[in-house]
Amino acid sequence: MVEFQLPSELAEMARRFEREGGVPVPPRLASTVVLLREPSEVYLIRRVATMAFAASMYAFPGGGVDPRDATVQPGWAGPAPAEWAARLQLDESVARSVVCAAVREVFEESGVLLAGADADTVVGDVSGPDWERARQALIARELGFAEFLERNGLVLRSDLLVPWSRWITPEFEPRRFDTYFFLALLPEGQVTRDVGGEADDHVWCPPGEAADGRYTMLPPTRYTLLELAEAGGIDGALAAAPARNPADAIRPVA
């Protein structure tokens with residue numbers, strides 16, 4: 001068992017939940033992407049103070065599954081949804097939605113797009129004004145992700161995602177998520193950028209340094225960073241991933 005100190009406001013929330021006999025809310029399905037780049041750095045964003053969940057905390061890009069992630073099928077490359085279903089131990093439609101949400105969220109929150117014209121290519125720089133308008137439309141839910149890919153002649157590169165872990169928010173939290181964590185290498189020619197909205201800062205940092213206490217973060221983020229540091233770098237983490245069970249949920253308790 002690994003122990004972490006909760007931020008004071010979360011500790012008080014846990015005490016109140018226990019004291020009042022709180023009833024846990026059902027967790028919402030979500031995806032998180034741990035972006036990596038050479039020589040061995042990880043990308044973190046800081047959630048704005050007004051966020052209902054993880055406010056002012058450093059985290060990886062990610063968010064909840066949108067209903068359209070499950071009902072609309074985008075162009076697809078890499079392992080088929082059925083293969084993802086077996087790996088994540090989910091129904092095929094749910095597995096497809098989790099993978100789709102991961103690619104959509106990392107584009108919305110970092111400006112990195114894990115897609116290409118076909119199974120062998122990845123789109124290059126996507127920081128121009130047309131891409132930015134599309135990104136804003138996705139965030140506002142004025143545009144579906146499948147429609148966005150189709151308009152630009154792209155397919156989702158599911159093979160660029162590497163499943164890593166699964167975390168379920170503690171029962172005392174009023175907003176709970178069942179989150180699948182994926183690793184992904186920053187595609188060549190693309191850059192992360194300050195996209196604003198739900199984040200007010202971003203940083204690239206070696207995993208060990210990011211987890212040393214200089215950044216405020218929730219336990220799943222810190223624990224993942226410690227795992228990546230222990231793996232000894234990007235190559236070590238990618239080599240270790242296939243032996244892990246990303247469907248085995250980690251359920252923290254206070």
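This report walks through a predicted model of one chain, from its overall build to a few residues worth a look.

Residues are numbered from 1 along the chain as its sequence is written. Because the model is predicted, local features need pLDDT of at least 70 and side-chain atom pairs count only at pLDDT 80 or more, while totals for chains, interfaces and linings use all residues, and side-chain values use heavy atoms, with hydrogens and water left out.

**The whole chain**

Let's start with the big picture. The chain's secondary structure adds up to nine helices and ten strands (both are DSSP runs numbered from the N terminus: H or I over at least four residues for a helix, E over at least two for a strand). Its radius of gyration is 18 Å, close to the 18 Å from the globule rule for 254 residues, so the chain is as compact as a globular protein of that length. That radius is taken over C-alpha atoms, and the rule is 2.2 Å times the number of residues to the power 0.38. Along the principal axes, the C-alpha trace spans about 55 × 40 × 35 Å. Of the 254 residues, 50% count as buried; here buried means under 20% relative accessible area, exposed over 50%, and partly exposed in between, using a 1.4 Å probe and protein chains only.

**Two helices, α4 and α8**

Does the length of α4 agree or disagree with its residue count? It agrees, because 19 residues at 1.5 Å each should span 27 Å and the end C-alpha atoms sit 27 Å apart. The expected span is 1.5 Å times one less than the number of residues in the helix. As for burial, 16 of the 19 residues of α4 are buried, so this helix is largely enclosed by the rest of the structure. Right after α4 comes glycine 111, with a positive phi of about 80°.

Helix α8 (residues 219-231) gets the same check: its 13 residues should span 18 Å, and its end C-alpha atoms are 18 Å apart, which agrees. The buried residues of α8 are Pro219, Thr221, Thr224, Leu225, Glu227 and Leu228. Glycine 232 follows α8, and its phi is positive too, near 85°.

In the loop between α7 (207-210) and α8 you'll find alanine 211. Alanine 211 is buried, at 8% relative accessible area. Alanine 211 and alanine 229 are 18 residues apart in sequence, with 9.0 Å between their C-alpha atoms.

**Backbone oddities**

Most residues other than glycine have a negative phi, and most peptide bonds are trans. Glutamine 89 has a positive phi of about 60° although it is not a glycine. Glutamine 89 belongs to the loop between α3 (81-88) and α4 (92-110) and is exposed, with a relative accessible area of 58%. Arginine 141 also has a positive phi, near 60°; its place is the loop between α5 (129-139) and α6 (145-151). With 31% relative accessibility, arginine 141 counts as partly exposed.

Which residues does a cis peptide bond join? They are glutamate 38 and proline 39, with omega about 5°. Proline 39 sits in the loop between β1 (28-37) and β2 (41-47).

**Cysteines and distant pairs**

How many disulfides are there? The count is zero, where a disulfide is a pair of cysteine sulfur atoms within 2.5 Å. Cysteine 100 is buried at 2% relative accessibility, and cysteine 205 is buried at 4%.

Proline 207 is part of helix α7 and counts as buried at 6% relative accessibility. Arginine 251 lies in the segment after α9 (234-240) and counts as exposed at 57%. Here is how each pairs up with a residue elsewhere in the chain.

| Pair | Apart along the chain | C-alpha separation |
|---|---|---|
| Proline 207 and glycine 78 | 129 residues | 28 Å |
| Arginine 251 and isoleucine 168 | 83 residues | 5.3 Å |

**The second largest pocket**

The second largest pocket has a volume of about 220 Å³. Of its 13 lining residues, the closest to the centre are Glu171, Phe172, Pro252, Val253 and Ala254. A pocket is an open set of points on a 1 Å grid over the protein atoms alone, where a 1.4 Å probe fits, with protein on both sides within 12 Å along at least five of seven lines; lining residues have an atom within 4 Å of a point. Points are joined across faces, edges and corners, and the volume is the space filled by probe spheres set on them. Helix α1 (residues 8-19) gives the largest share of the lining, three residues. The lining divides into eight nonpolar, one polar and four charged residues (Ala, Val, Leu, Ile, Met, Phe, Trp, Tyr, Cys and Pro count as nonpolar, Asp, Glu, Lys and Arg as charged, and the others, Gly among them, as polar).
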